[in-house]
Amino acid sequence: MRIVVLAGGIGGARFLRGLKRAAPDADITVIGNTGDDIHLFGLKVCPDLDTVMYTLGGGIDEEQGWGRADETFHLKEELAAYGVGPEWFGLGDRDFATHIVRTQMISAGYPLSAVTQALCDRWKPGVRLVPMTDDRVETHVAVEIDGERKAVHFQEYWVKLRASVPAEAVVPVGAEQAKPAPGVLEAIAEADVILFPPSNPVVSVGTILAVPGIREAIADAGVPVVGLSPIVGDAPVRGMADKVLAAVGVEATAAAVAEHYGSGLLDGWLVDTVDADSVTRVKAAGILCRAVPLMMTDVEAAAQMAREALALADEVRTS
Ligand code: GDP
Ligand code: CA
């Protein structure tokens, strides 16, 4: 079975770990979000690709959900001693090595997709991890700070400001001109099932879908497309997805996110058991829906969610 998953960072990575357990023989291609990418200290940092790679490769800081396990921060301290920031982005010593290797390879002319493959040669994530595009796309957020309207990089909004001011607009800068990375459209065309993990619908999955050709390829693939809600009990399980959902006029509920993707894209949607009331509303939007536990408390819980998603895909096929 060939499975394609559109993944952001933590939500995507934890789901993928479950999917690998649920479908050990499947051939899994992960299309990773690169809208969160940022250049820091002259280095190209790809937070979502790295979260997937470290999580599946056994190098993740489990508790935090991003960054490396057993991390130290000497380099960051030394940079700060020179007055060189930003100080609000947590790059540890071990993590820095990844960004140095990536930046070196990109400077040597390799596309991000080839660099990601090279990094994965070390981590062996057990999936094929492909960035959504080799072109530069950076998500920016329009905010008003002290009466001044400006656009800030997504990481500045998310990490520095902790989404403490309303997001007025979310713009994946560069997406319109971007081309899907090699292998992306091929993987979608050859997939038996396409999954949207409980990743951020706006700045993770939404950004991937903003690369011209990807949304269309998924809609036309003719195979079940099944998603899992990142919103449980009318709030994001982690993080501040409600802030960016508001920017695109979508309420933070499991049903509203399903409607936002729409039946043109989505065939099936899983909501948490606490949101069982919303199943009728999702079905009314023309999307098959089931309420099952959606909290990834451990790998087995995530694996059970993946089994439910694959079962719903089977149901889509026979319906
Ligand atoms: P990010 O790039 O690190 O923000 O990660 P993603 O975009 O992949 O996922 C973020 C989303 O995952 C957030 O909106 C969370 O609500 C959701 N999430 C995190 N943990 C869980 C969980 O255990 N269950 C569900 N249903 N969603 C989760
Ligand atoms: Ca992210």
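This report describes a helix, a calcium site, two cysteines and the nonpolar cores of one structure. The model is predicted.

**Helix α2 and the calcium ion**

Helix α2 spans residues 47-57, and because ten of its eleven residues are buried, the helix is largely enclosed by the rest of the structure. The buried residues are Pro47, Asp48, Leu49, Asp50, Thr51, Val52, Met53, Tyr54, Thr55 and Leu56. After the helix comes Gly58, which has a positive phi near 80 degrees.

Asp48 of this helix takes part in coordinating the calcium ion (ligand 2), to which Asp36 contributes an OD atom and Asp48 is listed with OD twice, at 2.0 to 2.6 Å. The two residues link distant parts of the chain, twelve residues apart, since Asp36 lies in the loop between β2 (27-32) and β3 (38-40) while Asp48 belongs to helix α2. Both Asp36 and Asp48 are buried.

Asp50, also found in helix α2, is covered by the annotation "binding site" in an unreviewed UniProt entry. Leaving aside neighbours within four places in sequence, Asp50 is in contact with Thr55, Asp95, Thr98, His99 and Arg102.

**Cysteines and accessibility**

The count of disulfides is zero. The sulfur of Cys46 has its closest cysteine sulfur in Cys120, and because the separation is 11 Å, it is too far for a bond, given that a disulfide requires sulfur atoms within 2.5 Å. Cys120 is likewise in no disulfide, the nearest cysteine sulfur being that of Cys46. The table sets out the relative accessible areas of these two cysteines and of Asp50, with the resulting class.

| Residue | Relative accessible area | Class |
|---|---|---|
| Cys46 | 0% | buried |
| Cys120 | 10% | buried |
| Asp50 | 4% | buried |

These residues count as buried because the class is assigned under 20% relative accessible area.

**Nonpolar cores**

In soluble globular proteins, nonpolar side chains tend to be buried together. Here the largest nonpolar core has 58 residues, of which Tyr157, Phe196, Ile218 and Trp269 touch the most other members. Helix α11 (residues 254-261) supplies the largest share of this core, with six residues. A second, separate core has 40 residues, including Ile3, Ala13, Ala26 and Leu195.

Which residues does Tyr157 touch, not counting residues up to four places away in sequence? On that basis Tyr157 touches Val141, Val143, Val152, Arg162, Ala163, Val165, Pro166, Ala167, Lys243 and Val244.

Conventions: Residues are numbered from 1 along each chain as its sequence is written. Chains are lettered from A and ligands numbered from 1 in the order in which they are written. This is a predicted model: local features need pLDDT of at least 70, side-chain atom pairs count only at pLDDT 80 or more; totals for chains, interfaces and linings use all residues. Side-chain values use heavy atoms; hydrogens and water are left out. Buried means under 20% relative accessible area, exposed over 50%, partly exposed in between (1.4 Å probe, protein chains only). Helices (H or I, at least four residues) and strands (E, at least two) are DSSP runs, numbered from the N terminus. Donors are N, O and S atoms within 2.8 Å of the metal (3.2 Å for Na, K and Ca); water is not among the atoms, so sites may look incomplete. UniProt positions are given in the numbering used here, feature names are shortened, and annotations may be inferred rather than shown by experiment. Contact means heavy atoms within 4.5 Å. A nonpolar core is a set of buried Ala, Val, Leu, Ile, Met, Phe, Trp, Tyr and Cys residues joined through side-chain atoms within 4.5 Å.
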